[in-house]
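Q: Hey, have you got a minute to go through this one with me? I'd like to start with how the pieces pack.

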Amino acid sequence: MTSKQKENNMKHIPTKCPMCGGKVNAGTTTFTVDLTTGVIVVRNVPAWVCNQCGEDWIEDEVSAKLEVITL
Ligand SMILES: [Zn+2]
């Protein structure tokens, strides 16, 4: 028997918005980092966006890259 493959689900990204129950679609968002020296704005960041309230979620992989950019 083959061992059951571990499901690699995205942990914190919902398929349904927990705020309004809207549908969460792939899209882009604007990521803002507030530093002591100023603010960095990264546009067109790949994210999951609620089609009703606009709440967004950024995947771990993407936020890790953002951390590298904004360090
Ligand atoms: Zn929503």
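Q: Where does helix α1 lie, and at what angle does it run to β2?
A: Helix α1, residues 60–70, lies across β1 and β2 and runs at about 170° to β2. Axes here are lines fitted to C-alpha atoms, for helices over the stretch in contact, with angles from 0 to 180 degrees between N-to-C directions. Contact means that the C-beta atoms of two residues, placed from the backbone, lie within 7 Å.

Q: Before we go on, what kind of model is this?
A: It's a predicted model: local features need pLDDT of at least 70, side-chain atom pairs count only at pLDDT 80 or more, and totals for chains, interfaces and linings use all residues. Numbering starts from 1 along each chain as its sequence is written.

Q: Thanks! What pattern does the protein chain follow?
A: Along the sequence the pattern is β-β-β-α, so to speak one helix and three strands. Helices (H or I, at least four residues) and strands (E, at least two) are DSSP runs, numbered from the N terminus.

Q: And what's the strand order in the sheet?
A: The sheet is open, ordered β1-β2-β3, with antiparallel pairing. Two strands pair if DSSP finds at least two bridges between them.

Q: Which strands are at the edges?
A: β1 (24–35) and β3 (56–57) are; each has a single partner strand, so one side of each has no neighbour in the sheet.

Q: How many bridges join β2 and β3?
A: Two, in the antiparallel sense. V49 of strand β2 has D56 in β3 as its bridge partner.

Q: Is V49 buried, exposed or partly exposed, and why?
A: V49 is partly exposed, because 19 other C-beta atoms lie within 10 Å. A residue is buried with 20 or more other C-beta atoms within 10 Å of its own, exposed with 12 or fewer, and partly exposed in between, with C-beta atoms placed from the backbone.

Q: What does V49 touch?
A: Leaving out residues up to four places away in sequence, V49 touches V24, N25, G27, T29, G54 and D56.

Q: New topic: which residues make up the largest nonpolar core?
A: Five of them: C17, V24, A47, W48 and C50. Strand β2 (residues 38–50) gives the largest share, three residues. Such a core is a set of buried Ala, Val, Leu, Ile, Met, Phe, Trp, Tyr and Cys residues joined through C-beta atoms within 7 Å.

Q: How much of the protein chain counts as buried?
A: Of its 71 residues, 7%.
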